[in-house]
Amino acid sequence: MENQDAELLRALQDEHGDALFAHAVRLSGGDRQRAEDLVQETLLRAWRHPESLDLQRGTVRSWLFTTARNLAIDAWRRRSVRVGEVVTDMIPEPPPSADEADRAVEAWTVAEALGRLSQSHREVLVECFYQGRSVAEAAARLGVPPGTVKSRTHYALRSLRMALDEMGVTG
C-alpha cells in the first residue's frame with residue numbers, strides 16, 4: 001500500500017507539480033516559500049483523500065488548484081486574525097472579502113491563460129474585452145481589417161478556453 005501511495009504522490013507531482021507551483025506562487029503573492037508550503041499541503045490532502053481525485057468529480061488538476069486556492073484563503077484568514085494591534089494615525093483598509101480573493105485568483109488564472117496565447121490572439125482579446133473597444137476601433141489600433149479582428153477574436157476565445165481547460169479550470 002505504501003508503494004501505491006508513493007507512486008500516487010510521484011505521479012501527481014510529475015504531472016501537475018509545475019502548474020500547481022506556479023498557481024501557488026500567484027496565490028501567495030510571489031512568496032515562493034509559502035507557495036511550496038501550499039503545494040506540499042495540497043499534495044498531502046490528495047494523498048489523505050485519494051477518493052477526491054475521482055475523475056467523475058472533475059479533473060485532478062481542477063481539484064488540486066481549488067484545494068490550493070482554499071488553503072491560501074484559509075492561511076490568509078489565519079494571518080489576518082493574528083495581526084497584532086498597530087497604533088497609527090491612518091485608518092487601515094478593510095481586508096479583502098472572499099469575493100475579492102476569488103476575483104483575484106480568477107484574474108491571475110486568466111492572466112496565465114492569456115500568456116499561453118499567441119501575441120495576435122492576446123492583443124485582440126485585450127483590445128476588445130479589457131479595453132472595451134469595438135471591432136472597428138480594435139482594427140484601427142491593431143492595423144488589421146475588421147474581419148480579421150472578428151476571426152482572431154473567435155479563435156482567441158477558443159484558444160483561451162483550451163488553455164483554461166489545460167490548467168484544470170472548469171466552467
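1. Gly-132 follows helix 5 and has a positive phi, near 70°. Helices here are DSSP runs of H or I with at least four residues, strands are runs of E with at least two, and both are numbered from the N terminus.

2. On provenance: this is a predicted model, in which local features need pLDDT of at least 70 and side-chain atom pairs count only at pLDDT 80 or more, while totals for chains, interfaces and linings use all residues. Residues are numbered from 1 along each chain as its sequence is written, and side-chain values use heavy atoms, with hydrogens and water left out.

3. Overall fold. The protein chain has seven helices and zero strands. Of its 171 residues, 32% count as buried. Buried means under 20% relative accessible area, exposed over 50%, and partly exposed in between (1.4 Å probe, protein chains only). Among contacts with a separation of 6 or more, 61% join residues 24 or more positions apart. Contact means heavy atoms within 4.5 Å.

4. Main core. The largest nonpolar core holds 21 residues, and Leu-12, Leu-20 and Leu-64 have the most contacts inside it. Helix 1 (2–27), helix 2 (32–48) and helix 3 (60–82) each supply at least two of its residues. A second, separate core has 15 residues, including Val-124, Leu-160, Leu-164 and Met-167. A core is a set of buried Ala, Val, Leu, Ile, Met, Phe, Trp, Tyr and Cys residues joined through side-chain atoms within 4.5 Å.

5. Two residues to inspect. Beyond neighbours within four places in sequence, Leu-20 contacts Val-39, Thr-42, Leu-43, Leu-64, Phe-65 and Ala-68. His-23 sits in helix 1. His-23 is buried, at 4% relative accessible area. Residues up to four places away aside, His-23 touches Phe-65, Ala-68, Arg-69, Val-105 and Thr-109.

6. Helix 5 (residues 119–130). His-121, Val-124, Leu-125, Glu-127 and Cys-128 are buried there. Down the helix axis, these buried residues fall within an arc of 165°, so they line one face. The arc is taken over directions from the helix axis to the C-beta atoms. Gln-119 and Tyr-130 are exposed on the other side.

7. Salt bridges. The whole structure contains seven. The criterion is a side-chain nitrogen of Lys or Arg within 4 Å of a carboxyl oxygen of Asp or Glu. Arg-26 and Glu-112 pair at 2.3 Å, N to O. Arg-26 is in helix 1 and Glu-112 in helix 4 (residues 98–115), so the pair ties together parts 86 residues apart in sequence. Arg-26 is buried at 18% relative accessibility, and Glu-112 is buried at 19%. A network of salt bridges links Arg-26, Glu-112, Arg-116 and Glu-166.

8. Glu-127 deserves its own point. Its closest N and O atoms with Arg-133 are 2.9 Å apart, in a salt bridge. Glu-127 also bridges to Arg-141, at 3.2 Å. That second pair ties together parts 14 residues apart in sequence, because Glu-127 lies in helix 5 and Arg-141 in helix 6 (residues 135–142). Burial varies: Glu-127 is buried at 11%, Arg-133 is partly exposed at 22%, and Arg-141 is exposed at 54%.

9. Surface patch. Phe-129, Tyr-130 and Leu-157 form a nonpolar patch with about 320 Å² of accessible area together. Leu-157 lies in helix 7 (residues 146–166) and is partly exposed at 31%. Nonpolar patches join Val, Leu, Ile, Met, Phe, Trp and Tyr side chains within 5 Å, using residues with over 30% relative accessible area and no salt bridge; like charges are joined within 9 Å. Areas come from the Shrake-Rupley method with a 1.4 Å probe, and for residues only the protein chains shown count as cover.
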